[in-house]
Amino acid sequence: MKRISISPPVAALLLAVILFLLSGLLPNGYGSDLDVARAQATNILRLSVFLGVIAAGQTLVIISGSEGIDLSAGSVVTLTAILTYVIVNGQDDKVLPALLVSLAVGALIGLLNGAGVTFLKISPFVMTLGMSGVVTGAIIIANHGNVSGKVAPIMTRLIARPLSPGIPIPNAIIIWLLFGLLMWLLLERSSFGKSLFAIGVNRVTAKLSGVNVTGMNLAAYSLAGALAGFGGFLVVGNTGVVMIQLGQPFLFPSIAAVAVGGTLLSGGKGSYWGTMAGTIVLTLITSLLTTMQMPDSVRRMVLGATLLILISIYGRQRSLRQ
Amino acid sequence: MKRSRWDVLMSRYPALFALILFVLSIIINFILQPNMFAKETLNSNMRVFLPIILMSVGQAIVILGGGIDISVGSIVSIVNTVLATRVGLDGSPEKMWQFVFVSLFAGLMAGAINGFFIAYLRLQPIITTYATSFLYAGFALFILPNPGGGIPATIAALYRDTKPLGLPLAFYVIAIILSIWLYISSTRYGKFLFAVGGKPEAAYETAVPVTLMQFSTYVISGFMAALSGIAITMLSGSGNAEIGGSMTLNSITAVVIGGNAMSGGIGGVAGPVMGAITLGVIQNIISFAHIDTWWETLVKATIIVVALAAPGAISLIRRRRS
């Protein structure tokens with residue numbers, strides 16, 4: 001008998017669609033109103049974009065293996081959001097410099113993480129955790145409790161509004177699709193991607209086959225930092241306000257999204273499509289729980305239980321006997 | 001490549017660096033706070049450190065076994081809310097001890113749930129305990145939605161002011177824990193623990209009950225988290241469902257500063273105990289060094305990163321020289 005196997009990204013996406021269809025049956029769901037349903041679906045997709053971009057960096061470091069993880073992503077998002085906010089200060093022509101600064105600052109922090117992990121042999125978990133503390137500390141000093149700035153009108157138009165009034169799809173979703181395509185090219189169609197998966201599976205064999213393991217590791221962390229920086233830029237473009245706790249709520253969901261999308265947390269196996277699907281599922285569940293008007297306690301328990309069920313379905317590791 | 005003497009020392013005694021750091025931080029603290037070793041000061045410090053020490057010991061066991069437990073903070077919250085709501089400010093001591101047993105049982109159960117999913121269903125530890133941390137935190141919030149309740153003042157005083165032979169209660173607790181660990185590490189269980197953490201596949205092939213061992217580490221961690229919850233409840237005397245949230249990552253940092261490898265199989269319990277005390281002492285140093293409030297987070301995080309980086313940096317320099 002042939003076993004039916006569905007790849008994790010497809011399974012996660014199917015799950016998202018089923019959940020969304022079921023959510024229409026809720027008392028305050030969209031019912032039979034198709035326009036409302038479409039608007040809700042678009043809104044959930046739009047909300048997924050930010051977590052999706054931040055989780056992209058997470059996907060890279062997790063694929064790179066050796067317990068790779070980036071716990072500094074949340075604070076980098078906050079930092080670059082604040083930087084963007086301050087640099088742009090309401091002027092359209094400052095948007096591009098702000099984007100470049102966000103990417104550069106993110107990449108620099110990522111590079112420091114990578115250096116600590118690669119040269120000083122600090123475990124990625126605590127290295128990035130410590131870096132997160134340092135960045136948060138820097139934010140507190142630079143911020144001193146209040147920042148003055150403003151997002152530019154062009155950012156809101158590029159990120160939050162639709163491309164043209166005729167198509168009700170916010171630009172953020174289109175940016176995300178293009179971004180997903182780039183990530184796919186990077187992971188599946190470039191030598192960088194090949195090497196990344198190679199060091200994720202086995203660093204020694206990768207090194208013996210001529211992969212520059214040190215360079216790859218540094219590159220993975222730097223890129224992850226830059227992507228978190230890009231995430232911060234997008235987040236502030238959407239919300240229009242900044243606060244010290246802006247980025248932290250994205251941190252663990254970004255890891256959960258990667259895991260739900262079928263990427264092994266031990267590295268070497270995974271895809272960005274999976275992360276995208278995982279992001280949509282997580283965002284959907286969170287927003288459903290919010291609309292269902294449950295007390296915070298029940299909401300957390302349901303979220304925890306759902307996450308457990310999700311990872312039980314396809315997050316299982318190899319059995320010891322094999 | 002010939003290993004330097006420092007490398008050999010570090011790999012033979014993983015807690016050596018923790019000891020150096022521990023002594024160094026205490027000396028600095030002593031300079032800034034000359035009455036540090038006065039009976040009252042010592043006791044007031046140690047009773048604050050004890051909850052995180054207990055939690056770090058449980059975390060150390062899980063990490064030695066090759067896992068990680070992110071749900072410990074939420075278990076502390078459950079214990080805290082159970083004690084604060086069920087015993088109450090005017091409860092009798094009998095009721096308190098009764099619910100101390102209930103709390104310990106709750107901790108064991110929470111740990112068993114983690115262990116079941118990770119050891120028997122073979123889910124990935126980080127994401128599983130992240131999911132259960134939501135489950136447990138939600139449950140704690142369900143028991144006590146708003147901060148309040150408490151335990152009788154007489155029982156809180158028992159924890160705060162008990163000083164057998166003039167030494168803080170925490171000293172005796174640490175002594176008991178270390179002697180238990182000294183015994184356990186020489187038994188078969190101890191050997192199995194290191195084997196499972198080092199290389200589970202190899203351990204499995206040499207007939208070590210890997211699944212049972214992994215399961216047991218989470219149960220121990222749940223139990224230690226419950227003890228930590230009891231200690232912090234007796235310290236604060238009141239209930240708050242968010243009390244444990246910030247402790248989790250500190251316990252992991254304490255374990256790593258204590259010289260245990262995040263990948264498992266290397267280290268012990270004495271190191272993490274010193275690591276936990278060091279973290280507390282660093283906090284003390286910062287408050288006694290009269291650092292500007294704005295700078296506190298950055299200074300603390302930088303000290304921790306430097307402490308994490310130092311062993312790696314030293315062996316890097318020594319390798320360059322030789």
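**Helix packing and chain contact**

User: Are helix 3 of chain B and helix 8 of chain B roughly parallel or roughly antiparallel to each other?
Analyst: In this predicted model, local features need pLDDT of at least 70 and side-chain atom pairs 80 or more, while totals for chains, interfaces and linings use all residues. Residues are numbered from 1 along each chain as its sequence is written, with chains lettered from A and ligands numbered from 1 in written order. The axes (lines fitted to C-alpha atoms over the stretch in contact, with angles of 0 to 180 degrees between N-to-C directions) of helix 3 (residues 39-64) and helix 8 (residues 169-186) of chain B come within 9 Å and cross at roughly 20°. The two helices of chain B are therefore (under 35 degrees is roughly parallel, over 145 roughly antiparallel, 65 to 115 roughly perpendicular, the rest oblique) roughly parallel.

User: How many nonpolar residues does the contact of helix 3 of chain B with helix 8 of chain B have?
Analyst: Helix 3 of chain B brings Met46(B), Arg47(B), Phe49(B), Leu50(B), Ile53(B) and Val57(B) into contact (C-beta atoms, placed from the backbone, within 7 Å) with helix 8 of chain B. From helix 8 of chain B come Leu169(B), Ala170(B), Phe171(B), Val173(B), Ile174(B) and Ile177(B). By class (Asp, Glu, Lys and Arg are charged; Ala, Val, Leu, Ile, Met, Phe, Trp, Tyr, Cys and Pro nonpolar; the others polar), this contact has no polar residues, 1 charged residue and a nonpolar count of 11.

User: At what angle do helix 4 of chain B and helix 5 of chain B pack?
Analyst: Helix 4 of chain B covers residues 72-86, and helix 5 of chain B covers residues 93-120. Helix 4 of chain B is roughly antiparallel to helix 5 of chain B. Their axes are 10 Å apart, and the angle is about 155°.

User: Which residues of helix 5 of chain B meet helix 4 of chain B?
Analyst: The residues of this contact divide into 9 nonpolar, 2 polar and 1 charged. Helix 4 of chain B gives Ile75(B), Ile78(B), Val79(B), Val82(B), Leu83(B) and Arg86(B). Opposite them in helix 5 of chain B are Phe99(B), Val102(B), Ser103(B), Ala106(B), Gly107(B) and Ala110(B).

User: Which element gives the largest share of the side of chain A that touches chain B?
Analyst: Chain A has 44 residues in contact with 43 residues of chain B. Helix 5 (124-143), helix 11 (248-260) and helix 13 (296-314) of chain A (helices being DSSP runs of H or I, at least four residues, and strands of E, at least two, numbered from the N terminus) each give two or more residues to that side. By class, the side has 26 nonpolar, 13 polar and 5 charged residues. The largest share, 13 residues, comes from helix 5 of chain A.

How values were computed:
Contact = placed C-beta atoms within 7 Å.
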